[in-house]
Amino acid sequence: MTHQPIIVEKIFNAPVSKVWNAITDRDEMKKWYFDLAEFTAKVGFKFQFTGGPSPERQYIHLCEITEVIPQKKLTYSWSYKGFKGISCVTFELLGEGNKTHLKLTHSGLESFPEENADFAKQNFIEGWNEIIHSSLKNYLEK
């Protein structure tokens, strides 16, 4: 059985520099993503945040940056404290004039515990689509 990653693509009416800043600057990230205590777009930097489907069911997300190509690519690992499994999130940016094509890939979801419905692939699909097509779009194009 092959495990297909989640891929979400969107073209934003914003230059690459603005999109890059949105995905790498902690103060900007909190406006559309998560409010991180710290964030530095540097390989080896570890960060964490808490999130979940309801106030009663929250998870500590543990992440480590594994690749940075300024203005082009940001990749980090994504796991959950107290649960097996590790996945990988990649943001790729391609400038198209004054617009930016963003491609988000989230792979390795099959490594998370199947018995936990909160880790179902469909939840990630819905979450990333909401984050990219609504939250990030509204932030970048306001």
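In this predicted model, helix α1 passes helix α3 in a right-handed crossing. The two helices pack at an angle of about 130°, and their axes lie 11 Å apart. Those two values are worth having together because two packed helices are described by the angle between their axes and the distance between the axes. An angle from 115 to 145 degrees falls in neither the roughly perpendicular nor the roughly antiparallel class, and α1 and α3 are therefore oblique to each other.

If you would like to find this meeting place on screen, select K18, V19 and A22 in α1, which meet L136, Y139 and L140 in α3. Why might residues spaced along a helix share a face? An α-helix has 3.6 residues a turn, so residues three or four places apart point the same way.

Staying with α1, its buried residues are V16, V19, W20, A22, I23 and T24. They pack against α2 (26-29), against the strands β3, β4, β5 and β6, and against α3. A22 makes a good example from this helix. A22 counts as buried because its relative accessibility is 0%, under the 20% cut-off. Apart from residues up to four places away in sequence, A22 touches E28, M29, W32, L136, Y139 and L140. A22 and Y33 are eleven residues apart in sequence, with their C-alpha atoms 9.1 Å apart in space.

Next comes the interior. The largest nonpolar core has 39 residues, and Y76, W78, F91 and W128 touch the most other members. At least two core residues come from each of β1 (6-12), α1 (16-24), β2 (46-54), β3 (57-69), β4 (73-80), β5 (87-96), β6 (99-107) and α3 (121-141). The most is given by α3, with seven residues. Which residues does F91 contact, leaving aside neighbours within four places in sequence? F91 is in contact with I23, W32, K72, K73, L74, Y76, L102, K103, L104, W128 and I132.

Two polar residues also deserve a look. S87 is found in strand β5, and T100 lies in strand β6. S87 counts as buried because its relative accessibility is 3%, and T100 counts as buried at 0%. Their side chains have these polar partners:

| Side chain | Partner | Distance |
|---|---|---|
| S87 | H106 side chain | 2.7 Å |
| T100 | P15 backbone oxygen | 3.4 Å |
| T100 | V16 backbone nitrogen | 2.9 Å |

The wider surroundings of each residue can be listed too, again not counting residues up to four places away in sequence. S87 touches Y76, S77, W78, H106, S107, G108, L109, S111 and F112. H106 thus appears both here and as the side-chain polar partner of S87. T100 touches K10, I11, F12, A14, P15, V16, V19, L93 and L94. Among these, V19 is also one of the α1 residues that meet α3.

A last stop is Q71, in the loop between β3 and β4. What is notable about the phi of Q71? Q71 has a positive phi of about 70°, although Q71 is not a glycine. Is Q71 buried, exposed or partly exposed? With a relative accessible area of 33%, Q71 is partly exposed, because this value lies between the 20% and 50% cut-offs.

Technical notes:
Residues numbered from 1 in each chain as written. Predicted model: local features only at pLDDT ≥ 70, side-chain atom pairs only at ≥ 80, totals over all residues. Heavy atoms only, no water. Core = buried A, V, L, I, M, F, W, Y, C linked by side-chain atoms within 4.5 Å. Buried < 20%, exposed > 50% of the residue type's maximum accessible area, 1.4 Å probe, protein only. Helix = DSSP H or I, 4+ residues; strand = E, 2+ residues; numbered from the N terminus. Contact = heavy atoms within 4.5 Å. Polar contact = N/O pair within 3.5 Å; in protein donor to acceptor, adjacent residues only side chain to side chain. Axes fitted to C-alpha atoms, helices over the stretch in contact; angles between N-to-C directions. Parallel < 35°, antiparallel > 145°, perpendicular 65-115°, else oblique. Left-handed = near helix turned anticlockwise from the far one by under 90°.
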